[in-house]
Amino acid sequence: MSPKNQKVRVEFRKNRLERTRVKDWTQQYKDHGFEQEAPVLEERISGKGELVRRRTVIAAEVEPSQTEDLGFAALPACDTTTCQKGRVLRVHGLVSFVENEQGDIYQCTTRRVLRTMTTDQRHVVVTGDHVLFRPVPHHKRLEGAIERIEPRTGAISRRSKNRKQLIVTNVDQILIITSAAEPVLKPNLIDRFLVSAERSGIKPIICINKIDLVDPATLQPIIGVYSQIGYKVIPLSATTGFGIGRLRRVVQDRESVVCGQSGVGKSSLLNVLDPALNLRIGEISLENQKGKHTTTTAELLKLSFGGYVIDTPGIREFALWDIIPEEVLAFYPELVPYENQCRFPDCTHSFESDCAVKNAAADGRIDMRRYESYLSLSGRN
Ligand code: GDP
Ligand code: ZN
């Protein structure tokens with residue numbers, strides 16, 4: 001689906017209208033870094049009046065909802081004959097590591113107009129973004145400038161200093177990793193992750209690791225509950241290799257975010273899933289230990305058999321934030337059909353009489369534990 005293009009007139013930023021002397025280079029560098037583009041000062045402004053002070057760019061129409069959620073005002077123009085398609089693997093401060101379709105990785109800066117157009121500076125370039133970038137000649141390494149960021153789908157965000165910050169975009173699924181034992185299986189925690197995933201608009205997959213530690217029959221009830229709701233549940237053992245083939249088929253050629261409590265076996269699973277990943281994960285934690293790149297965000301790790309995984313400490317236990325009680329029910333798919341059968345339109349499904357949700361739980365049409373976890377997540381008990 002390609003966005004409809006239209007010509008728009010873009011106002012130059014104020015600083016392009018006048019030939020003022022740039023006063024504070026240090027601050028400018030701090031704010032924007034060095035630009036690949038010609039500095040503002042060299043831009044010629046001839047005497048033709050208003051017209052030349054605008055420029056025409058081709059911008060795609062973006063749905064208002066997209067702009068609100070994901071930080072875009074418009075898509076800027078881009079010369080597709082000199083630009084290449086790429087995927088942002090990770091972002092280090094002002095530099096984005098972009099992989100082109102041939103698998104070459106370019107270190108890219110971001111074109112100024114992009115930063116001007118985004119509604120939130122922090123969303124300028126995010127790991128997972130599909131971009132168009134222009135290669136810039138460099139004698140030692142591959143460099144480029146990001147010219148355009150395509151509209152995003154399925155973003156994971158976190159709250160940082162009271163603002164929403166995107167961590168990774170355009171991913172297909174979230175692997176909710178849990179363990180059958182050590183640590184003990186926590187269905188309410190699974191529900192928390194499920195609600196977060198549902199809210200992010202990303203498909204969750206429940207992985208139960210360490211099944212070698214229990215009698216598999218004991219897991220049947222919980223697997224049954226989630227399967228019936230429509231979630232995929234994969235029993236696994238990183239130790240015995242059980243289920244690894246199935247997991248590999250599920251992640252192949254897709255982009256999967258890994259989350260789950262510490263100690264459930266996320267690293268162990270990734271290592272048996274694709275031994276080639278081992279090295280990369282080690283490298284990243286080493287980098288972090290050295291404190292070299294404290295601003296490192298999420299990273300797309302390439303799977304040798306196709307696809308990517310994202311395993312970032314910050315996402316591993318990605319929490320629910322800003323969720324309002326009235327919102328929670330929508331993320332319990334099996335409760336939704338009962339909601340509008342309640343007697344009171346503003347039913348909280350907790351203490352009210354004639355509550356269809358509560359009745360469904362009472363007579364077993366809804367799993368009682370799921371109902372209770374709904375009450376707990378929506379703060380109703
Ligand atoms: P992470 O914190 O989620 O990355 O968990 P790790 O991969 O570091 O694993 C935590 C511990 O669980 C380690 O001691 C692993 O050896 C162990 N472990 C991981 N997977 C399994 C499994 O399938 N079965 C058993 N018995 N132990 C496992
Ligand atoms: Zn109700």
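This is a walk through a predicted model, starting at the ligand and moving out to the salt bridges and a few backbone oddities.

Let's begin with ligand 1. It has 16 residues around it, and the closest are Ala 238, Thr 239, Lys 266, Ser 267 and Ser 268. If you sort the shell by residue character, you get three nonpolar, nine polar and four charged residues. As for how much of the ligand is covered, look at the polar distances before the area. On the backbone side, Gly 263 puts an N or O atom 2.8 Å from an oxygen atom of ligand 1. Lys 266 also uses a polar backbone atom, which sits 2.8 Å from a ligand oxygen. With Ser 268 the side chain takes part: one of its N or O atoms is 2.5 Å from an oxygen atom of ligand 1. On its own, ligand 1 has 580 Å² of accessible area, and the protein covers 68% of that.

Which element gives the most to the shell around ligand 1? That would be helix H7, residues 266-273, with three residues. H7 is worth a second look for its own packing. Lys 266, Leu 269, Leu 270 and Leu 273 are buried in this helix. Because these residues cover an arc of only 95° around the axis, they end up on the same side of H7. So Lys 266 turns up twice in this picture: it is among the residues closest to ligand 1, and it is one of the buried residues of H7.

Now for the charged pairs. The model has 14 salt bridges, counting a Lys or Arg side-chain nitrogen within 4 Å of an Asp or Glu carboxyl oxygen. A good one to pull up is Arg 90 with Glu 299, where the N to O distance is 3.6 Å. The two partners come from distant parts of the chain, 209 residues apart: Arg 90 belongs to strand S3 (residues 84-92), while Glu 299 is in the loop between helix H8 (277-289) and strand S14 (300-302). Buried or exposed, what are Arg 90 and Glu 299? Both are buried.

Next, take Arg 152 and Asp 129, whose closest N and O atoms are 2.7 Å apart in a salt bridge. This one runs from loop to loop. Arg 152 is in the loop between strand S7 (143-149) and strand S8 (156-160), and Asp 129 is in the loop between helix H3 (112-117) and strand S6 (130-136), so the bridge ties together parts that are 23 residues apart in sequence. Here too, Arg 152 and Asp 129 are buried.

S6 and S7 come back in a third bridge, between Glu 147 and Arg 134, with 2.7 Å from N to O. Glu 147 is in strand S7 and Arg 134 in strand S6, so this pair ties together parts 13 residues apart in sequence. The burial of this pair is mixed. Glu 147 has 7% relative accessibility, so it falls under the 20% cut-off and counts as buried. Arg 134, in contrast, is partly exposed, with a relative accessible area of 28%.

Some bridges also share partners: Asp 191, Glu 334, Arg 369 and Arg 370 are joined into one network that way.

While you are at strand S7, check Glu 143, which is found there too. Its relative accessible area is 13%, and it is buried. The side chain of Glu 143 makes a polar contact of 2.9 Å with that of Arg 141.

Finally, the backbone has a few spots to inspect. Glu 182 and Pro 183 are joined by a cis peptide bond, with omega at about -5°. Pro 183 is in the loop between strand S10 (173-179) and helix H4 (187-200).

Then there are the positive phi values. Asn 170 is not a glycine, yet its phi is positive, at about 55°. This residue lies in the loop between strand S9 (163-168) and S10, and it is buried, with a relative accessible area of 7%. Asp 354 also has a positive phi, near 55°, and is likewise a residue other than glycine. Its place is the loop between helix H11 (336-339) and helix H12 (356-362). Asp 354 is partly exposed, with a relative accessible area of 47%.

Technical notes
Residues numbered from 1 in each chain as written. Chains lettered and ligands numbered in written order. Predicted model: local features only at pLDDT ≥ 70, side-chain atom pairs only at ≥ 80, totals over all residues. Heavy atoms only, no water. Helix = DSSP H or I, 4+ residues; strand = E, 2+ residues; numbered from the N terminus. Buried < 20%, exposed > 50% of the residue type's maximum accessible area, 1.4 Å probe, protein only. Near = heavy atom within 4 Å. Polar contact = N/O pair within 3.5 Å; in protein donor to acceptor, adjacent residues only side chain to side chain. Areas by Shrake-Rupley, 256 points an atom, 1.4 Å probe, with all protein chains shown as cover. Nonpolar A, V, L, I, M, F, W, Y, C, P; charged D, E, K, R; others polar. Arc of directions from axis to C-beta.
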